[in-house]
Amino acid sequence: MAVQTVALLTAGGLAPCLSSAVGGLIERYTEIAPDVRIIAYQNGYAGLLTGRSVEVTPEVREGAALLHRFGGSPIGNSRVKLTNVADCVKRGLVQEGQDPLHVAAEQLTADGVDVLHTIGGDDTNTTAADLAAYLASNDYPLTVVGLPKTIDNDVIPIRQSLGAWTAAEQGALFARNVLAEHSSNPRMLIIHEVMGRHCGWLTAETARRHHAWVAEQEWLPGIGLDSRRWDVHAVFVPESPIDLAGESARLRAVMDEIGCVNIFLSEGAGVSEVVAELEAAGQEVPVDPFGHVQLDKVNPGAWFGKQFAERLGAEKVMVQKSGYFSRSAAANDEDLALIRRCTDYAVDAALRGESGVVGEDEERGDELRAVEFPRIAGGKAFDASVPWFTELRESVGQV
């Protein structure tokens with residue numbers, strides 16, 4: 001069946017690829033299938049449920065390249081799980097007694113959509129899979145082609161999520177200014193908290209890029225411009241156990257010698273300990289519509305700051321989070337090249353009627369393909385034994 005109408009939506013948290021991915025899809029359709037109508041649902045699945053969409057006009061097609069220059073999403077995001085009926089009702093997206101999957105299907109039918117492109121993380125794309133399965137069981141043919149967006153690079157089995165390289169680069173840029181704060185107070189503890197619920201890749205890659213920047217600079221230690229004060233002193237990721245006593249002793253020696261300690265912390269590191277402490281105190285642990293602990297509410301960085309402050313003899317503790325700075329950036333050249341390859345493939349797959357999430361499939365020799373929805377999952381662990389991460393930790397004295 002010929003494709004006549006295509007719909008786009010972006011969902012979940014932001015990443016430095018959403019605007020560019022939207023632009024890339026529009027450009028590719030305009031190039032090879034200019035007669036295909038394109039609409040975009042506003043604010044992700046929330047817009048799909050409420051029927052809010054915008055038409056991609058000839059003017060937008062002509063200017064689509066501009067979207068590569070910006071971060072955020074021009075069509076807006078939201079966190080909505082179509083199978084979480086109670087949450088959809090609570091938020092006014094459907095009425096009591098309605099099935100969100102049915103409401104979404106009816107809207108797609110009304111809009112005449114043949115292809116739905118979802119740009120988001122594992123939650124976005126597994127929700128798309130739920131929708132595709134529902135439509136198939138009700139004899140509604142819809143091709144769903146997703147693009148993988150997570151800044152912490154944790155989608156199984158995708159080798160590299162769109163936007164993750166940019167997020168690491170921006171996190172390292174953020175660190176340059178934040179770590180200059182070591183000079184604001186003697187015995188300063190700075191915790192740079194990096195996004196990453198289950199996966200430490202972004203924290204590790206951000207630390208690697210910052211450490212490489214430190215190595216490239218010229219320093220003047222005779223007056224205190226000392227590379228050691230600007231460098232990373234510890235990197236904590238969810239995949240590696242944290243020896244609190246051992247690390248405290250090591251970092252206390254660093255503090256005594258140079259007057260500061262800089263820690264790069266994945267926000268998912270130590271969450272189980274934080275949650276256990278909250279529950280023991282009888283406090284409710286806040287979760288999102290997908291059942292994930294709301295990390296901004298439990299605040300792992302503050303918890304670790306409290307644990308280390310006394311042990312290190314810190315006079316001042318600063319916890320700074322780079323996530324919102326990093327995730328809303330425009331895509332860098334590394335990501336732009338990957339986004340282009342993926343959006344081109346996604347359009348080609350859609351016109352063939354091939355559903356799946358487009359990315360380099362680690363379980364198929366890193367082949368760029370539409371990965372089958374049932375194989376898509378979140379929480380891909382970072383391999384903390386990879387040589388570059390082992391070398392990074394050794395170079396900063398963390399073993």
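Let me begin with a definition: on a 1 Å grid over the protein atoms alone, a cavity is a set of points where a 1.4 Å probe fits but cannot get out, and lining residues have an atom within 4 Å of a point. Grid points are joined across faces, edges and corners, and a volume is the space filled by probe spheres set on the points.

The structure before you is a predicted model, in which local features need pLDDT of at least 70 and side-chain atom pairs count only at pLDDT 80 or more, while totals for chains, interfaces and linings use all residues. Residues are numbered from 1 along each chain as its sequence is written, and side-chain values use heavy atoms, with hydrogens and water left out.

By that definition, the structure contains one cavity of 30 Å³ or more. The space in the largest cavity comes to about 30 Å³. Which residues line the largest cavity? They are Ile151, Ala167, Gly171, Val194, Met195, Leu202, Thr206, Ser322, Gly323 and Ser326. At least two lining residues come from each of helix H7 (164-178), helix H8 (201-216) and helix H14 (323-327). Helices here are DSSP runs of H or I with at least four residues, strands are runs of E with at least two, and both are numbered from the N terminus. In character, the lining has five nonpolar residues, five polar and no charged. For this division, Ala, Val, Leu, Ile, Met, Phe, Trp, Tyr, Cys and Pro count as nonpolar, Asp, Glu, Lys and Arg as charged, and the others, Gly among them, as polar.

I turn to the overall fold. The protein has 16 helices and eleven strands. Its radius of gyration, taken over C-alpha atoms, is 23 Å, close to the 21 Å that the globule rule gives for 399 residues, so the protein is as compact as a globular protein of that length. The rule itself is 2.2 Å times the number of residues to the power 0.38. Of the 399 residues, 56% are buried, where buried means under 20% relative accessible area, exposed over 50%, and partly exposed in between, with a 1.4 Å probe and protein chains only.

Three residues deserve individual attention. Isoleucine 119, in strand E4 (residues 115-120), is buried, with a relative accessible area of 0%. Its C-alpha lies 4.7 Å from that of threonine 10, although the two are 109 residues apart in sequence. Beyond four places in sequence, isoleucine 119 touches nine residues' worth of surroundings that include Leu9, Thr10, Val22 and Leu147, a contact being heavy atoms within 4.5 Å. Serine 20, in helix H1 (residues 18-32), is also buried, at a relative accessible area of 2%. Its contacts, leaving aside neighbours within four places in sequence, are Leu67, His68, Leu336 and Ile339. Aspartate 130, in helix H6 (residues 122-137), is partly exposed at 29%.

Finally, the backbone. Most residues other than glycine have a negative phi, and most peptide bonds are trans. Where does a cis peptide bond occur? One joins isoleucine 156 and proline 157, with omega about -5 degrees. Proline 157 sits in the loop between strand E5 (143-148) and H7. Aspartate 139 has a positive phi, near 60 degrees, and is exposed at 72% relative accessibility. Arginine 187, in the loop between H7 and strand E6 (188-194), has a positive phi of about 55 degrees.

Technical notes: 1 Å grid on protein atoms, 1.4 Å probe; cavity = no way out; pocket = protein on both sides within 12 Å on 5 of 7 lines; lining within 4 Å.
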